[in-house]
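The following exercises introduce a protein structure by way of worked solutions. Please examine the sequence and the model before attempting them.

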Amino acid sequence: MLIRFEVANYRSMLDPVELSMVAIDRDRPEARLVPNLGESLLPVAAVFGPNASGKSNFIAAVTWLRMAVRESLRMWDDEIPVEPFAFSAGQGRPSEFIVDAVISGVRYAYVVELDRQAVRYEALFHYPEKKRRRIFEREGSQFKLQRGLGNLSGTRKLLTPRTLALSIARRFDEPVVSGFVDYLLAAQTLGLPTPHPHHRTACSTMRWFERGPGGDQLSLSDLEEDRSFEADRAQALALLRLADLGIDDVLIDQCEVAHSDGPRTQRRIRLVHQTAHEKAPLDFAAESAGTRTWFHLIGPVLAALKAGSLLLFDELDASLHPTLCVQLLRLFQDPAMNPKGAQLVFTSHDTSLLNNLNRDEVWLTEKAEDGVTQLGALAEFAGERVRRSQNLEKAYLHGRFGALPIVDHTEVLRALRPIG
């Protein structure tokens, strides 16, 4: 589970900003106690704030680090594609990313500082028996490795100024490294534009409804896989019915479509609707936008719940009806539905969701006059503890916590006056 994520000098975030998943109110089922950490972690965190205040940039920062670990060894030959703060204050300073997470009961901390020319500092630590131990650390061309991890020594030979050591170390299948890397790469992002067509940022829903090809003779492993597929499919169908109670099933088949150079075969999705008297399949394009969005969300949600991984969602309320947003929160908050501690971090403008969030699950962004994004915990707004019983939506809309758009109609009225 994610403990915290910190970023500095990336897009609109110049000074370090941190989002922590450590619970303040630990005496509730949603807070998951981590014995070796001595803290409880939250399954949900929401970031609220006005437009252009940097909410999306925070989601983008986590996504960028995930992509960096996956791609640096193959694609960073000429330049590191980081986006520092655009104004002069960000020039000459490295961008910094820090991830703290608990994996299989052990805390890990990954730190990287880089600019477009080189990785300046990078380290991966873990805390077996609560004591910090270095897995690897590099500063410039110096690379240090924990004793007993000689199989990672090949990392040093492949290291270049513009390659992350973590990207190289993951190739050697060392459990102490691969566990952390697998967790980081399992994170999924929804709502942000995909930077490159080949960058898959979320699991497809199709796999939960589409069985792979099988033979006539089924082995024991085939039967187990078959039962697993049916269980997964039933879960996916149950989630789909949350969006439309009339949906009875999902059909995926092949159909021919006309094309300039002749007919082509492509996969077709149809949702089967149940009425009082009959069942009828409807083409996916005929479904409501809300149903289609929820369908595409099912794959990432189930993948996160099954793996206990991180799901990032930018502008949650722009994609889903408020009732479905609440259902999504409950999936992650309920220990019975989320036994492996999957986490949802999302941005939103929908203040009604505050009625379904605890004070320590809410974070606020504001942009200062110099264009710098500030991120703060609602639970300790302006150094003053927010009461647990406080109506968060009402207080937010009354400006109690700031992070609201400042609307001045004077200039707009002056510009529009000629229209009248």
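The exercises below concern a predicted model, and each task is followed by its solution.

**Exercise 1. Salt bridges across the chain**

Task: Determine how many salt bridges the structure holds, and describe the one between Glu361 and Arg28.

Solution:
1. A search of the whole structure yields 21 salt bridges.
2. One of them joins the side chains of Glu361 and Arg28, with an N to O distance of 3.5 Å.
3. This pair connects distant parts of the chain, 333 residues apart. Glu361 sits in the loop between strand S16 (343-348) and strand S17 (362-367), while Arg28 sits in the loop between strand S2 (17-20) and strand S3 (32-34).
4. Glu361 and Arg28 are both buried.

**Exercise 2. Two further bridges and a network**

Task: Locate the salt bridges Glu71–Arg74 and Glu122–Arg138, and state which residues are joined into one network by salt bridges that share partners.

Solution:
1. The side chains of Glu71 and Arg74 form a salt bridge at 2.7 Å, N to O.
2. Because Glu71 and Arg74 are three residues apart in helix H1 (residues 55-75), about one helical turn separates them.
3. Glu71 has a relative accessible area of 5% and is therefore buried.
4. The side chains of Glu122 and Arg138 likewise meet in a salt bridge, 2.7 Å from N to O. Here the partners come from distant parts of the chain: Glu122 belongs to strand S8 (residues 119-126) and Arg138 to strand S9 (residues 133-139), 16 residues apart.
5. Both Glu122 and Arg138 are buried.
6. The network made by salt bridges with shared partners consists of Arg4, Glu6, Glu18, Asp100 and Arg107.

**Exercise 3. Residues of helix H1**

Task: For Thr63 and Asn57, decide whether each is buried or exposed, and identify what each touches beyond four places in sequence.

Solution:
1. Thr63 lies in helix H1. Its relative accessibility is 9%, and since buried means under 20%, Thr63 counts as buried.
2. Leaving aside residues up to four places away in sequence, Thr63 touches Thr189, Leu192 and Leu312.
3. Asn57 is also located in helix H1. At 17% relative accessibility, Asn57 is likewise classed as buried.
4. With the same exclusion, Asn57 touches Tyr10, Arg11, Ser12 and Met13. With Arg11 there is a polar contact from side chain to side chain, at 3.4 Å.

**Exercise 4. An aromatic pair and its cluster**

Task: Describe the arrangement of Trp64 and Trp76, and name the residues of the cluster formed by ring pairs.

Solution:
1. The structure contains 11 aromatic pairs. Among them is the stacked pair of Trp64 and Trp76, whose rings are 5.7 Å apart centre to centre, with 25 degrees between the planes.
2. Trp64 is in helix H1 and Trp76 is in the loop between H1 and strand S6 (95-103), so the pair ties together parts 12 residues apart in sequence.
3. Trp64 and Trp76 are both buried.
4. Ring pairs link Tyr10, Trp64, Trp76 and Phe97 into a cluster.

**Exercise 5. The surroundings of Phe209**

Task: State where Phe209 is found and which residues it touches beyond four places in sequence.

Solution:
1. Phe209 is part of helix H5 (residues 206-209), and its relative accessible area of 5% makes it buried.
2. Not counting residues up to four places away in sequence, Phe209 touches Phe229, Arg233, Ala236, Leu237, Val250, Ile252 and Phe295.
3. For Phe209 and Ile252, the separation is 43 residues in sequence and 7.5 Å in space, C-alpha to C-alpha.

**Exercise 6. The geometry of two helices**

Task: Compare the expected span of helix H7 with the distance between its end C-alpha atoms, and do likewise for helix H9.

Solution:
1. Helix H7 (residues 289-307) has 19 residues, which should span 27 Å at 1.5 Å a residue; the end C-alpha atoms are 28 Å apart, in agreement.
2. H7 bends by about 30 degrees at Leu297, and Pro300, a proline, follows within four residues.
3. The buried residues of H7 include Trp294, Phe295, Leu297 and Pro300. Just after H7, Gly308 adopts a positive phi of about 70 degrees.
4. Helix H9 (residues 322-333), with 12 residues, reaches 16 Å from its first C-alpha to its last, close to the expected 16 Å.
5. Among the buried residues of H9 are Leu324, Cys325, Phe332 and Gln333.

Definitions and conventions. Residues are numbered from 1 along each chain as its sequence is written. This is a predicted model: local features need pLDDT of at least 70, side-chain atom pairs count only at pLDDT 80 or more; totals for chains, interfaces and linings use all residues. Side-chain values use heavy atoms; hydrogens and water are left out. A salt bridge is a side-chain nitrogen of Lys or Arg within 4 Å of a carboxyl oxygen of Asp or Glu. Buried means under 20% relative accessible area, exposed over 50%, partly exposed in between (1.4 Å probe, protein chains only). Contact means heavy atoms within 4.5 Å. The expected span of a helix is 1.5 Å times one less than its number of residues. The bend at a residue is the angle between axes fitted to the seven residues ending there and the seven starting there. A polar contact is a pair of N or O atoms within 3.5 Å; within protein, one must be able to donate a hydrogen and the other to accept it, and residues adjacent in sequence count only if both atoms are side-chain atoms. Rings of Phe, Tyr and Trp (its six-membered ring) pair if their centres lie within 6.5 Å; planes under 30 degrees apart count as stacked, over 60 as edge-to-face and the rest as tilted.
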